[in-house]
Structure formats: structure tokens, C-alpha cells
Amino acid sequence: MSRKVARTYAYQLVFESLFNKDDQIAKENIFKDPTLTLDDSNYIETVVNGVNQNYNELIELISRNTANFKFERIFKPDLAILLLATYEMKYIPNIPKNVSINEAVELAKVNSTEKSPQFVNGVLSGIYKELNKC
């Protein structure tokens, strides 16, 4: 399986967790996919658990980079994409930050509104700059 497909599964679980913090059924259904490799499963578990464990920190980082847009108004699919990509950018050093941004924009094109890819790209570009200051 490709990382792109694994990232899509991770996105689905992060999105689900915005409404239901521990949806075991969704996790079980995803992990039943026979095409999942061990690396894919590990990636999905790492990202989903990492987003849940670092949620408040990730939200602060996203909020600082939404300019004049109130955090509460972020469309939930966009928020899930931003959480996933921000986690990757901050905590998974073997994934280049620009890859996380590009993949997040692709997720937004498929799973959100027509303006979402531009919004996601803008927020993640700000996060990229902030993380590279450190």
C-alpha cells in the first residue's frame, strides 16, 4: 500500500475523532484492510494517537496561523487535515514538511470545499515557517 492511502485512512480516523474520541469500530474496519502493510499500520497508529495526545498543542499552532479566521469556524474536514499535517510536520522528521503540505492540499481537494486547498496551504505554510524558526 502507498503512504498516500495510509494517510487517507489516518485522515478518516482523525476526522472521526473530532466527533467521537474513541471510535473503535472505525479503527477496526480500517485495520481489517488486507492491503495494509506493517509500516502503514504503524504510521496510521502513530499519527492518530499523536494527534489525540498532542491535540491542544496542535490546535494552538494551527490557531496562531489562521490569520483573521476564527479557529471555531474552521470546517471540520479542513481541521482534520490540518491536525494530521501539523502533527507530521512537528513530530515525524523523516517526512519532509513540504511533502506533508502537498499531501494535505491533495486531501483537501478530495475531501473538502473548493476553497479549502488554498486555506490549508496557507495555514500550513505559516506553520512551516514557525517550525523552521526553532
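## Exercises on a helical chain

**Exercise 1.** Where does Asp33 lie, and is Asp33 buried or exposed?

*Solution.* Start with the position: Asp33 sits in the loop that runs between helix H2 (24-31) and helix H3 (38-53). Keep in mind that you're looking at a predicted model. Next, check the surface: the relative accessible area of Asp33 is 16%. Buried means under 20%, so Asp33 is buried. Last, try a distance: Asp33 and Lys129 are 96 residues apart in sequence, and their C-alpha atoms are 37 Å apart in space.

**Exercise 2.** Work out how many helices and strands the protein chain has, and write its pattern.

*Solution.* Count the elements: the protein chain has 7 helices and 0 strands. Now go along the sequence and note each one down, which gives α-α-α-α-α-α-α.

**Exercise 3.** Does the radius of gyration of the protein chain agree or disagree with that of a compact globule?

*Solution.* First get the expected value: for 134 residues, a compact globule would come out near 14 Å. Then look at the chain itself, which has 14 Å, so the two agree. For the outline, the C-alpha atoms fill a box of roughly 45 × 30 × 30 Å along the principal axes. Now turn to burial: 46% of the 134 residues are buried. As for the outside, the chain exposes about 7500 Å², and carbon and sulfur atoms supply 51% of that. Finally, take the contacts between residues at least 6 apart in sequence: 72% of them join residues at least 24 apart.

**Exercise 4.** Compare two residues of helix H6, Val105 and Asn98: is each one buried, partly exposed or exposed?

*Solution.* Begin with Val105, which is found in helix H6. Its relative accessible area is 12%, so Val105 is buried. Leave out residues up to four places away in sequence, and Val105 touches Pro117, Val120 and Asn121. You can also check Gly122: it is 17 residues from Val105 along the chain, with 9.8 Å between their C-alpha atoms.

Now for Asn98, which lies in helix H6 too. With a relative accessible area of 45%, Asn98 is partly exposed. Its C-alpha atom is 8.8 Å from that of Ser125, a residue 27 places away along the chain.

**Exercise 5.** Which loop holds Glu114, and is Glu114 buried or exposed?

*Solution.* Find the neighbouring elements: Glu114 is in the loop between helix H6 (97-111) and helix H7 (116-133). Then read the relative accessible area of Glu114, 78%. Exposed means over 50%, so Glu114 is exposed. To finish, pick Ala10: Glu114 and Ala10 are 104 residues apart along the chain, with their C-alpha atoms separated by 22 Å.

**Exercise 6.** Which residues line the largest pocket, and how do they divide into nonpolar, polar and charged?

*Solution.* Get the volume down: the largest pocket has about 160 Å³. Then list the lining: Phe69, Arg73, Ile74, Phe75, Asp78, Thr113, Lys115, Ser116 and Phe119. Now sort by type. The nonpolar group has 4 residues, the polar group 2 and the charged group 3.

How values were computed:
Residues are numbered from 1 along each chain as its sequence is written. This is a predicted model: local features need pLDDT of at least 70, side-chain atom pairs count only at pLDDT 80 or more; totals for chains, interfaces and linings use all residues. Side-chain values use heavy atoms; hydrogens and water are left out. On a 1 Å grid over the protein atoms alone, a cavity is a set of points where a 1.4 Å probe fits but cannot get out, and a pocket is an open set with protein on both sides within 12 Å along at least five of seven lines; lining residues have an atom within 4 Å of a point. Grid points are joined across faces, edges and corners, and a volume is the space filled by probe spheres set on the points. Ala, Val, Leu, Ile, Met, Phe, Trp, Tyr, Cys and Pro count as nonpolar, Asp, Glu, Lys and Arg as charged, and the others, Gly among them, as polar. Helices (H or I, at least four residues) and strands (E, at least two) are DSSP runs, numbered from the N terminus. The radius of gyration is taken over C-alpha atoms; the globule rule is 2.2 Å times the number of residues to the power 0.38. Buried means under 20% relative accessible area, exposed over 50%, partly exposed in between (1.4 Å probe, protein chains only). Contact means heavy atoms within 4.5 Å. Accessible areas come from the Shrake-Rupley method with a 1.4 Å probe; for residues, only the protein chains shown count as cover.
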